[in-house]
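Hi,

Here is the structure I promised to pass along. Have a look at it first, and my notes on what turned up follow underneath.

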Amino acid sequence: MIAARLQQEPFDAAAEQAALTSGRTDLGAAVAFTGLVRADDGLVALTLEHYPAMTLAQLQAIAANAATRWPDTIGTIIHRHGRLLPGDAIVLVTTASPHRAHAFAAASFLMDWLKTKAPFWKREEWADGTTRWVDAKGSDDNAAERWLAKSPSTPP
Amino acid sequence: MTTLLYFAWVREMIGKDSETLALPAEAATVAALLDWLATRSPGHAAALADRSRIRVAVDQQFASAETPLTAPREIAIFPPVTGG
């Protein structure tokens, strides 16, 4: 089971990982990835707009896809929206599995697909008040597509 | 009637976040819908000018230019996503 949540509030990555693995003695590996707002070139804020009616369902669909690929892997996705400041956490992906390769691969897959298949848009805000919508990167598409060519449980 | 939703710079260029319209028969696919929408105002035309930068979801499922439209309730139009 990989759970997905959408929220404006901050999250506690350590508490989420502890909750994920609590009570389990069969897990040999836990991976946590946190995406942060980077203050490139004097950026003062990053606002994440999203498609409320679709976003959570899409996060859950991505989670379900990962659970099919790595059935022994559990996890939690938390994606924030709204206005965030440099250093703030945007997204958490935490996974756990009996096997390290599965925990790493599932976390990597989840991030690649969140980048390209979840309906969020980032708007950068600068000190002089100007704003700019972030352009999608071709490298993110390539990262997401590499999973389509692999058999489900093969790590990259 | 179909509710059209706009996000990110598509929303800003069109100047509204949604509108409810009766789609004409000619809007039989996503591509045809975008062609028709682009005629509605200069803002629509500007937002939809470069189709390589436009993505569409029909009833909350990602769609392609060829996706047929059969009485959709909700169509969202937006730039390529940039979450994560």
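Starting with chain B: half of its longer-separation contacts reach far along the sequence, with 50% of those at a separation of 6 or more coming from residues 24 or more positions apart. Before going further, bear in mind that this is a predicted model.

Chain B has three helices and five strands, and going along the sequence they come in the order β-α-β-α-α-β-β-β. Its radius of gyration is 12 Å, close to the 12 Å that the globule rule gives for 84 residues, so chain B is as compact as a globular protein of that length. The C-alpha trace of chain B covers about 30 × 30 × 20 Å along its principal axes, and 48% of its 84 residues are buried.

Now chain A. Here you get four helices and eight strands, arranged as β-α-β-β-α-β-β-β-α-β-β-α. The radius of gyration of chain A comes out at 16 Å against the 15 Å of the globule rule for 156 residues, which is close, so this chain too is as compact as a globular protein of its length. Its C-alpha trace spans about 50 × 35 × 30 Å along the principal axes. Buried residues account for 46% of the 156 in chain A. As for contacts with a separation of 6 or more, 78% of them in chain A are between residues 24 or more positions apart.

On to the interface, which is probably what you'll want to look at. How many residues of each chain are in contact with the other? It's 25 from chain A and 20 from chain B. Together the two chains bury about 1,800 Å², 58% of it on carbon and sulfur atoms. On the chain A side, A:Tyr51, A:Trp121 and A:Trp133 provide 36% of the area that chain A buries against chain B, more than any other three residues.

For the polar side of things, there are two salt bridges between chain A and chain B. One of them joins A:Asp135 to B:Arg53, with the closest N and O atoms 3.1 Å apart. Eleven residue pairs are in polar contact across the interface, both residues being at pLDDT 80 or more.

Which parts of chain A supply at least two residues each to the side that touches chain B? They are strand E3 (43-50), helix H2 (52-69), strand E6 (89-97), helix H3 (100-117) and strand E7 (120-126). H3(A) gives the most, with five residues. By type, the residues on that side of chain A split into 15 nonpolar, four polar and six charged.

Cheers

How values were computed: Residues numbered from 1 in each chain as written. Chains lettered and ligands numbered in written order. Predicted model: local features only at pLDDT ≥ 70, side-chain atom pairs only at ≥ 80, totals over all residues. Heavy atoms only, no water. Contact = heavy atoms within 4.5 Å. Buried area = accessible area lost by both parts, 1.4 Å probe. Salt bridge = Lys/Arg side-chain N within 4 Å of Asp/Glu carboxyl O. Polar contact = N/O pair within 3.5 Å; in protein donor to acceptor, adjacent residues only side chain to side chain. Nonpolar A, V, L, I, M, F, W, Y, C, P; charged D, E, K, R; others polar. Rg over C-alpha atoms; globule rule 2.2 N^0.38 Å. Buried < 20%, exposed > 50% of the residue type's maximum accessible area, 1.4 Å probe, protein only.
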